[in-house]
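User: I am new to this structure. Please take a close look at the largest cavity and what lines it, then set it beside the other features of the model.

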Amino acid sequence: MPLAAFPADHPVGHPAARLAVRLADAPAAGAPPVIDTGDTAWLLASTALVLLMTPGLALFYGGMVRTKSVLNMIMMSFVSIAVVTVVWLLAGYSLAFGPDAGGWGLIGGLDHLGMAGITPSSVTGRVPTVLFATFQLTFAIITAALISGAIADRAKFGSWVAFTAVWTLLVYVPVAHWVFAPGGWILSKLGALDFAGGTVVEVNCGASGLALALLLGPRIGFRKEAMRPHNLPLVLLGAGLLWFGWFGFNAGSALGANGLAASALLNTQAAGCTGLLGWLMVEKRRDGHATTLGAASGAVAGLVAITPSCGSVDLPGALLIGLAAGTVCSYAVSWKFRFGFDDSLDVVGVHFVAGVIGTALIGLFATATMTGGPAGLLHGGGFGQLGKQAVAILAVAAYSFAATYGIGRVIGRVMGFRADEEQELTGLDLAVHAETAYDHGVLGHGVLGQGAAVFSAAHGPDRTAATVLAHPSDKAPSA
């Protein structure tokens, strides 16, 4: 299904819209679009890169939690791959990228339920539509998985599975239509720029994560116990995989093997580096130490911020956006302690804040050379684009927060969303999955009853299951 073309003077932000314009370059009037093998090859690789980001996120998050809930944290990401894929193929793609229903730019139609009408010969731009749909699927997957970091250690697994399915359909899909689809109101009517998902992915998951963190409440011991990452090498491995996959995320969003993809790739690398350096500079000055966790977090902050802007700004702009994100987010992660919301793994402090920074600064740093038209304030574009970016941020954040809170409330009443206190204290790995990530000489792989029996025989019946998973890193001294 080719995308509907825009007028030549339409402000083009997302590559889907750029490709719509490129449809005018068909070999002959009325001739069907031709699949470009180079563009298709690059998008095939990019799709695999973006899918790899979710296992990378699982490791990143898994290393940041305590030993007793590592597997649960990893499972929340892996199950998102399966759940979101099914929802997307059944209805999500059609509602996100199908022809706009009603002309309001709010949601797509039902033309492609179950991918109906899409064949190997269907073309979007110059790539197969089935590949375009799969590429967009990987964005939906990681956006849902990102939210899990805000409610680490305390959510029921079954409730998370149900939430992921409903949230994808009711929150991610409409926002993706607003921003990415040619008929979406943020892209086609407002004219805000978002190249690869600053609003759809980062602001969306951050606002949703905040809603769930407030709804579920803080972890037991929040602000009283030090809840330090238990495995920093795992965090760095996950961050490295995320960084690697981000090239597919951003450069792949050009949907072609071209100069725009190359510029987006370079901007991505540049912002990731200045984000890392900015965070470390703050840490060194504030705390006296530059930490590995800070390096990983700073790189992610820079990569998040450049996501919406990598196709709209030049290299100096990318360097400054990454630096701003790394610096600001290094302070933002402490806001949860000041305001009392337990954003466990800093989804709000990093993804939401950096997403806002990157999306807003397009209004300052966008260049006509990169966008093909609109320019930011510092490049002669005035305040107009800055205002459009602000409206897009506020609209997505407000809708995501309200809708997520409502979904969470319903699931909480029907199924219960928060894990039992005993399960939380014991650790969700053992209580929910009947497994432990590490064999401390007591428990390995097996059912809960067998593990408890082994432990009781070794240490006596007066010891509780909570002490099975107790590890020095779980109860680090308070700072």
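Analyst: The lining of the largest cavity divides into six nonpolar residues, two polar and one charged. This is a predicted model. The residues around the cavity are Phe-60, Tyr-61, Met-64, Ser-297, Val-300, Leu-345, Asp-346, Val-350 and His-351. Three helices each give two or more residues to this lining: H2 (37-64), H10 and H13 (347-360). H2 gives the most, with three residues. The space inside the largest cavity is about 60 Å³. A search of the whole structure finds three cavities of 30 Å³ or more.

Now the largest pocket. About 1,000 Å³ of space lies in it. Its lining has 32 residues. Met-227, Arg-228, Pro-229, Leu-293 and Phe-337 lie nearest the centre of the pocket. Helices H9 (259-287), H10 (292-309) and H12 (335-339) each supply two or more lining residues. H10 thus appears in the lining of the pocket and in that of the largest cavity. By class, the pocket lining has 13 nonpolar, nine polar and ten charged residues.

Helix H9 leads on to the surface. Met-281 is found in H9. Together with Leu-277, Leu-320 and Leu-323, Met-281 forms a nonpolar patch on the surface. The accessible area of these four residues together is about 370 Å². H9 and helix H11 (315-332) each give two or more residues to the patch.

Technical notes: Residues are numbered from 1 along each chain as its sequence is written. This is a predicted model: local features need pLDDT of at least 70, side-chain atom pairs count only at pLDDT 80 or more; totals for chains, interfaces and linings use all residues. Side-chain values use heavy atoms; hydrogens and water are left out. On a 1 Å grid over the protein atoms alone, a cavity is a set of points where a 1.4 Å probe fits but cannot get out, and a pocket is an open set with protein on both sides within 12 Å along at least five of seven lines; lining residues have an atom within 4 Å of a point. Grid points are joined across faces, edges and corners, and a volume is the space filled by probe spheres set on the points. Helices (H or I, at least four residues) and strands (E, at least two) are DSSP runs, numbered from the N terminus. Ala, Val, Leu, Ile, Met, Phe, Trp, Tyr, Cys and Pro count as nonpolar, Asp, Glu, Lys and Arg as charged, and the others, Gly among them, as polar. Patches are made of residues with over 30% relative accessible area and no salt bridge: like charges are joined within 9 Å, nonpolar side chains (Val, Leu, Ile, Met, Phe, Trp, Tyr) within 5 Å. Accessible areas come from the Shrake-Rupley method with a 1.4 Å probe; for residues, only the protein chains shown count as cover. A salt bridge is a side-chain nitrogen of Lys or Arg within 4 Å of a carboxyl oxygen of Asp or Glu.
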